[in-house]
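I opened the model today to look up its charged pairs, its strands and its nonpolar cores. My notes follow in the order I worked.

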Amino acid sequence: MAAESTQTDTLEERIQQRVGARVRELRQSAGITAVVLAERTGISQGQLSKIENGKAALSVKVLARLCRVFDRSVGYLFQSVGEMPRVLGTLTTVKGPESVGIQWFAEEVRRLSGSALALIPLRPSQIGSAPDQVDQLKNGLIDLFVEEPFYYDTIVSGFTAFALPYAFVSESHRRVFLEGCFFRERMIEPLRQAGIRIVNRRWNWLRGLEWVLAANRPIATPGDLRGLKVRTIDTPLLRRFWQALGARPVAVPWQEVGAALRSGEIDVLPTHKAHLYPLEFCRNARFVSLLGDLPPVLSVAANETRYQILRPDTQNALLEACDRAGDFFSAHVRQAEAENEALNITRFKAAYIKVALDPWRAAVDRVRADLLAEGLLDSATAAAVAATRDPRQGNPVP
């Protein structure tokens with residue numbers, strides 16, 4: 001019995017020391033003193049000192065107070081360093097300059113974390129479509145996801161604001177919305193509560209240069225879409241959007257788009273200019289209509305539970321790497337496209353068509369109003385987007 005009692009005492013001491021180390025680590029990372037932490041938690045300074053030194057008897061009530069201040073689960077406090085994850089998977093995107101940007105992000109995470117954390121990029125064929133990946137992220141089957149924000153609308157309404165072109169009249173308009181209270185409180189926070197944390201702090205991951213249509217025939221006006229088969233993802237909003245423009249929407253998984261263009265299953269591919277040459281879309285759709293919309297902003301998201309069990313310094317390394325990688329990603333995509341456009345023309349005889357933008361904006365605005373009336377777009381989000389527009393702003397210059 002004495003030996004059993006000694007073992008129990010030793011285990012309790014180890015747990016107390018582990019919890020103390022985690023509490024001190026969290027406090028120091030937050031940049032607050034023990035005095036401030038004591039005030040915020042209602043725990044005496046003497047008791048807090050004992051906890052941090054691994055000398056205090058622990059109660060769930062006290063631990064819960066500490067965890068509320070640090071926005072952590074109680075389980076985090078019981079982790080040893082060896083139990084914290086060293087690998088997060090997965091990241092994925094299309095091949096070409098975007099893939100280079102993702103790889104750079106992974107390397108920056110490794111460097112800034114001192115090799116304490118590694119990111120493992122996987123191919124779409126390994127983990128499914130973007131909507132599948134959102135479900136996998138929420139359920140903890142993957143840890144990180146880099147894509148356009150509208151995919152999260154299945155979890156929190158309002159993200160469809162990013163799904164349609166010409167939602168924002170300028171980059172500054174979009175940034176004001178992204179940095180505003182509505183986006184943070186009505187969209188980002190509910191998404192975190194649902195298990196997905198957006199780790200972008202600067203929203204500087206920009207995909208390509210502009211929205212385009214790659215087609216097997218010239219398309220200059222919205223009327224030219226009538227009757228054509230347009231590739232879309234399988235959502236009611238986008239199906240209805242293309243139908244309202246007179247096209248025939250065809251849901252095709254991203255990894256099958258090239259084959260669909262080749263077989264004639266689709267006539268038109270809405271995509272981004274930077275995708276054209278790396279994915280060889282103009283081999284079978286050489287007419288490129290330049291539609292002058294802003295390049296989409298990408299979100300970098302982590303599974304919340306997985307994020308919460310990382311040490312504070314590792315979390316900070318991930319956040320800092322995300323900021324730096326966004327600058328690299330955007331600059332690299334732009335630079336690559338400057339070279340790829342000429343290659344696309346030479347290799348695939350691509351024809352870039354600069355269309356009149358006013359008819360396209362007018363058509364999309366008309367359809368957007370219909371979708372709002374039908375309840376396929378969130379009215380509160382649409383109002384918030386409109387409210388953040390500077391009335392002095394005109395249409396962006398293509």
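**Salt bridges**

I began with the salt bridges and found that the structure holds 29. The model is a predicted one, and I went through three of the pairs.

The first pair I looked up was Glu 108 and Arg 111, whose side chains meet at 2.7 Å, N to O. Both residues belong to helix H5 (residues 97-112), three residues apart, about one turn of the helix. I then asked whether Glu 108 is buried or exposed. Glu 108 has a relative accessible area of 7%, under the 20% cut-off, so I noted it as buried. Its partner Arg 111 is at 44%, which makes it partly exposed.

Next I looked up Arg 324 and Glu 320, which form a salt bridge at 2.8 Å, N to O. About one helical turn separates Arg 324 from Glu 320, because they are four residues apart in helix H13. Arg 324 has a relative accessible area of 34% and is partly exposed. Glu 320 is partly exposed too, with a value of 29%.

I followed the shared partners from there. Salt bridges connect Glu 108, Arg 111, Arg 201, Glu 320, Asp 323 and Arg 324 into one network.

The third pair was Asp 327 with Arg 202, where the closest N and O atoms are 3.0 Å apart. This salt bridge links distant parts of the chain: Asp 327 is in helix H13 (residues 312-348), Arg 202 is in the loop between E4 and E5, and their positions lie 125 residues apart in the numbering. Asp 327 is partly exposed at 38% relative accessibility. Arg 202 is also partly exposed, at 36%.

**Strand E5 and its partners**

How many residues of E5 are buried? I counted five of the five, so the strand is largely enclosed by the rest of the structure. Both faces are covered: Trp 211, Leu 213 and Ala 215 are buried on one side, Val 212 and Ala 214 on the other.

I then looked up the pairing. E5 runs antiparallel to strand E8 (residues 268-272), with five bridges joining them. In that pair, Ala 215 stands opposite Val 268. Four bridges join E5 to strand E9 (residues 287-290), again antiparallel. There I noted Val 212 opposite Leu 290.

**The three-stranded sheet**

I also traced an open sheet of three strands, in the order E3-E10-E4, with antiparallel pairing. Strands E3 (144-147) and E4 are its edges, each pairing on one side only. From one strand to the next the twist averages 30°. Between E3 and strand E10 (residues 299-303) I found four bridges. Phe 145 stands opposite Ala 301 in E10.

**Nonpolar cores**

Last, I looked up the cores. The largest has 59 residues, and Tyr 152, Phe 162 and Leu 225 have the most contacts inside it. Elements that each supply at least two of its residues include helix H7 (130-138), helix H9 (181-193), strand E4 (196-198) and strand E5 (211-215). Which element gives the largest share? That is H14, with six residues.

I listed the contacts of Leu 225, leaving out residues up to four places away in sequence; among them are Leu 213, Ile 219, Trp 242, Val 268 and Trp 360. Apart from this core lies another of 23 residues, among them Val 146, Ala 302, Tyr 307 and Val 333.

Notes: Residues numbered from 1 in each chain as written. Predicted model: local features only at pLDDT ≥ 70, side-chain atom pairs only at ≥ 80, totals over all residues. Heavy atoms only, no water. Core = buried A, V, L, I, M, F, W, Y, C linked by side-chain atoms within 4.5 Å. Buried < 20%, exposed > 50% of the residue type's maximum accessible area, 1.4 Å probe, protein only. Contact = heavy atoms within 4.5 Å. Pairing = 2+ DSSP bridges. Axes fitted to C-alpha atoms, helices over the stretch in contact; angles between N-to-C directions. Salt bridge = Lys/Arg side-chain N within 4 Å of Asp/Glu carboxyl O.
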